[in-house]
Each structure stands twice: as C-alpha cells, then as structure tokens.
Amino acid sequence: MAKDKDYQQLIHTERWLRLRRDKLTASPLCERCQQQGVVTPATEVHHVTPVEDGLTLAAKRRLMYDYHNLRALCHDCHVQTHVELGRCGKAATKRRNEAQVRAVVDKFFG
C-alpha cells in the first residue's frame, strides 16, 4: 500500500471511486490474465505510472485520474505487478523516497 499522504487522500475521493468503477465496468476481466489466455474477473485497478511519481499535488492528480494510466487486474496480478516493479516493502519505499528527493533537488537546484 502506498505511504504517500497525497495518494491516501486522492484514493478516497468520490472522483476516484467513480473512475475505478468505470474502469472495472469497461474492463471486467483481468487484463494481465487475458494476455496469458486466462479468464479471471478484475477486482482492482492499478496505476501504470504510480501516482507517487508526481512531484506536485497537481501532477499526482493527473496520474490518479488519467483513465489511460489504469489497468484492471485481479488481486493476484496486482500483487505480482508490484513485486515485479520492486514497489513492495520497506526497501522499495526507501528507494522511492530517495528517488523523489533526488528529483526535487535536480528540478529546483539542478
């Protein structure tokens, strides 16, 4: 689960809940399972480009609410996707935080 406070606020908005519902309605089957020839109901929505990658709240909002940044997945595929991306656990959180700090420093102090 994401630790970013902006993400936590955005994920609980009515706008997100509607977008999530719309994505699962349009794509009721897990997109990753389908690529492997398996039929599994989609129960979760994954952001392809993580919302936390946005440096500002406006950038995070763009990523959060971009329909084309979403994939409908089953729970197992969602977990596996995060594992493959190295986005699980304390070490991954530490790496993400360090990368964000570097990005801000580069952007503003280049």
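# Exercises on a predicted model

At 1.5 Å a residue, helix H2 (residues 14–26), with its 13 residues, should span 18 Å, and its end C-alpha atoms do lie 18 Å apart. The model is predicted. The exercises start with this helix and then turn to charges, cysteines and the whole chain.

## Exercise 1. Helix H2 and its buried face

Task: find which residues of H2 are buried, and decide where they sit around the helix.

Solution.

Step 1. Pick out the buried residues. They are Trp16, Leu19, Lys23 and Leu24.

Step 2. Look down the axis of H2. The buried residues fall within an arc of 130°, so they line one face of the helix.

Step 3. Recall the helix geometry. An α-helix has 3.6 residues a turn, so residues three or four places apart point the same way.

Step 4. Turn to the face directed away from the buried side. Exposed residues Glu14 and Thr25 are carried there.

Step 5. Ask what covers the buried residues of H2. The cover includes three helices: H1 (5–10), H3 (31–35) and H4 (57–65). It also includes strands S1 (44–47) and S2 (70–73).

## Exercise 2. A charged residue on the buried side

Task: Lys23 belongs to the buried set of H2. Find its salt-bridge partner, and state how each side of the pair is classed.

Solution.

Step 1. Find the partner. The side chains of Lys23 and Glu31 meet in a salt bridge, at 3.3 Å from N to O.

Step 2. Class Lys23. Its relative accessible area is 7%, so Lys23 is buried, the cut-off being under 20%.

Step 3. Class Glu31. Its relative accessible area is 21%, so Glu31 is partly exposed.

Step 4. Set another pair beside this one. Arg21 and Asp22 meet through their side chains in a salt bridge of 3.4 Å, N to O. Arg21 is partly exposed, at 48% relative accessible area. Asp22 is partly exposed too, at 37% relative accessibility.

## Exercise 3. Asp4 and its partners

Task: place Asp4 in the chain, and trace what its side chain meets.

Solution.

Step 1. Locate Asp4. It lies in the segment before H1.

Step 2. Is Asp4 buried or exposed? Its relative accessibility is 15%, so Asp4 counts as buried.

Step 3. Check the backbone. The nitrogen of Tyr7's backbone lies 2.8 Å from a polar atom of the Asp4 side chain.

Step 4. Check side chain against side chain. Asp4 and Lys60 are joined by a polar contact of 2.9 Å. The two side chains also meet in a salt bridge, with 2.9 Å from N to O.

Step 5. See what this pair links. Lys60 is in helix H4 and Asp4 is in the segment before H1, 56 residues apart, so distant parts of the chain are linked. Both Lys60 and Asp4 are buried.

Step 6. List the contacts beyond four places in sequence. For Asp4 they are Glu52 and Lys60.

Step 7. Return to the salt bridges. The structure holds 6 of them.

## Exercise 4. Cysteines without a bond

Task: how many disulfides are there, and why is Cys77 not bonded to Cys33?

Solution.

Step 1. Count. The number of disulfides is 0.

Step 2. Take Cys30. It is in no disulfide, and the nearest cysteine sulfur, that of Cys33, is 3.7 Å away. Cys30 has 0% relative accessibility and counts as buried.

Step 3. Take Cys77. Its closest cysteine sulfur is in Cys33, at 3.6 Å. A disulfide needs sulfur atoms within 2.5 Å, so that distance is too far for a bond. Cys77 is buried as well, with a relative accessible area of 9%.

## Exercise 5. Thr81 and the whole chain

Task: place Thr81, name its contacts, and then describe the chain.

Solution.

Step 1. Place Thr81. It sits in helix H5 (residues 75–84).

Step 2. Class Thr81. It counts as buried, at 9% relative accessibility.

Step 3. Name the contacts, leaving aside neighbours within four places in sequence. Thr81 touches Arg32, His46 and Leu73.

Step 4. Count the elements of the chain. There are 6 helices and 2 strands. Along the sequence they follow the pattern α-α-α-β-α-β-α-α.

Step 5. Give the extent. The C-alpha trace spans about 50 × 30 × 20 Å along its principal axes.

Step 6. Give the buried share. Of the 110 residues, 36% are buried.

Step 7. Consider contacts between residues at least 6 apart in sequence. Among these, 65% join residues at least 24 apart.

Key: Residues are numbered from 1 along each chain as its sequence is written. This is a predicted model: local features need pLDDT of at least 70, side-chain atom pairs count only at pLDDT 80 or more; totals for chains, interfaces and linings use all residues. Side-chain values use heavy atoms; hydrogens and water are left out. Helices (H or I, at least four residues) and strands (E, at least two) are DSSP runs, numbered from the N terminus. The expected span of a helix is 1.5 Å times one less than its number of residues. Buried means under 20% relative accessible area, exposed over 50%, partly exposed in between (1.4 Å probe, protein chains only). The arc is that of the directions from the helix axis to the C-beta atoms. Contact means heavy atoms within 4.5 Å. A salt bridge is a side-chain nitrogen of Lys or Arg within 4 Å of a carboxyl oxygen of Asp or Glu. A polar contact is a pair of N or O atoms within 3.5 Å; within protein, one must be able to donate a hydrogen and the other to accept it, and residues adjacent in sequence count only if both atoms are side-chain atoms.
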